[in-house]
Amino acid sequence: MTAFILSPDEWLTRETQFAAFATGPLLDFWRQRQEGEFSGVDDVPIRYVRFSAPQHQRVVVISPGRIESYVKYPEVAYDLFQCGYDVMIIDHRGQGRSGRLLADSHRGHVVNFADYVEDFTRFYQQAVLPLGYRQHFALAHSMGGAILAQFLARQPQAFAAAALCAPMFGIFLPMPDWMAQRILNWAEKRPNVRDYYAVGTGQWRPLPYVVNVLTHSRERYRRSVRYYADYPELQVGGPTYHWVRESIQAGQQAIAEAKDITTPILLLQAGEERVVDNRSHQAFCQALSDAGHPCEGGEPWVIQGARHEILFERDAMRAEALNAILRFYAQHAFSGADAADNSIRG
């Protein structure tokens, strides 16, 4: 791939004045949000947020990662908004401001991974489509990428283009795959274990920056931790054994169904990944290529030096990712006449 487009100076220097930005322009932007709710699978309340301007004709729909809430995403939304897009972000079931599934709200859990996909489908159909945008784009991170990929396999025409940041098509495990599978299968047969924290995890607690494997940005990491500390209702700890089992299978399913995705795809990969398995990204892109619709560039776009949370990384790496995403969207934006024709067909 070619080098990324030079960023606005603000993107490359924001960390040096992050506090002023966060308590000034970003806070003003956050206060303009519109929050909504709909009923997901089994009537679980699913929350979402929208940032909109009358002059915007296109929207970016964001599918966040595990434990994340839209409360964490104002900076990402702000940058997309300033570039001419409305932004809508869903809080997946069991996290953020959406309904929890277990009495211990810290356990990251889902009954069926397909429930995430059905929730996202309802979000698109009930909250996004009725707004009448000329064009829809998608952005997903980690677990949100697995959700979005399964959605796109079923509705490839829903979005003009989709960017996947460190998508969870495989999980970075601290043990051999065969051993993990044996443990998960054992736990699955024991309900009191199945729905408990997976080994080595527990309730949410603030980890110091120096031991985090998510980002090199001290400012953005500290801000994320403060969100959870200031809003205890957002806190989610480790995943349950069942969540891990469902998610491993979901990643495998996303790769198997990639042949059905005709949506233009950009896959961004973190060079210093320690959460998802980067080998799964190669498998996903290979499956797309084998089906005759390769991802942008034919392979993952590696953000060298980045950790898992690419959109919350240091300024230079984050700017590279944002520029790649925005240029990719621009390549797939159509004119007003095309848009009108598309809305008639839709």
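This passage goes over the overall build of the protein chain and then takes up one helix, α10. The model is a predicted one.

Taken as a whole, the protein chain has 13 helices and eight strands. Its radius of gyration is 19 Å, close to the 20 Å that the globule rule gives for 346 residues, so the chain is as compact as a globular protein of that length. Laid along the principal axes, the C-alpha atoms fill a box of roughly 55 × 45 × 40 Å. Of the 346 residues, 57% are buried. As for how the chain meets itself, 79% of the contacts between residues at least 6 apart in sequence join residues at least 24 apart.

On the outside, the accessible surface comes to about 14,800 Å², and carbon and sulfur atoms hold 50% of that. The chain carries 34 positive and 38 negative charges, and the mean positions of the two sets sit 4 Å apart.

Now for helix α10, which runs over residues 241–256. At 1.5 Å a residue, its 16 residues should span 22 Å; the end C-alpha atoms turn out to be 23 Å apart, which agrees. Much of the interest here lies in the buried positions. Tyr-241, His-242, Trp-243, Val-244, Arg-245, Glu-246, Ser-247 and Ile-248 are buried, and so are Ala-250, Gly-251 and Ala-254. The partners of these buried residues are other helices: α5 (113–128), α6 (143–154), α7 (177–188), α8 (191–194) and α11 (278–290).

Technical notes: Residues are numbered from 1 along each chain as its sequence is written. This is a predicted model: local features need pLDDT of at least 70, side-chain atom pairs count only at pLDDT 80 or more; totals for chains, interfaces and linings use all residues. Side-chain values use heavy atoms; hydrogens and water are left out. Helices (H or I, at least four residues) and strands (E, at least two) are DSSP runs, numbered from the N terminus. The radius of gyration is taken over C-alpha atoms; the globule rule is 2.2 Å times the number of residues to the power 0.38. Buried means under 20% relative accessible area, exposed over 50%, partly exposed in between (1.4 Å probe, protein chains only). Contact means heavy atoms within 4.5 Å. Accessible areas come from the Shrake-Rupley method with a 1.4 Å probe; for residues, only the protein chains shown count as cover. Lys and Arg count as positive and Asp and Glu as negative; His and the chain ends are not counted. The place of a charge is taken as NZ of Lys, CZ of Arg, CG of Asp or CD of Glu. The expected span of a helix is 1.5 Å times one less than its number of residues.
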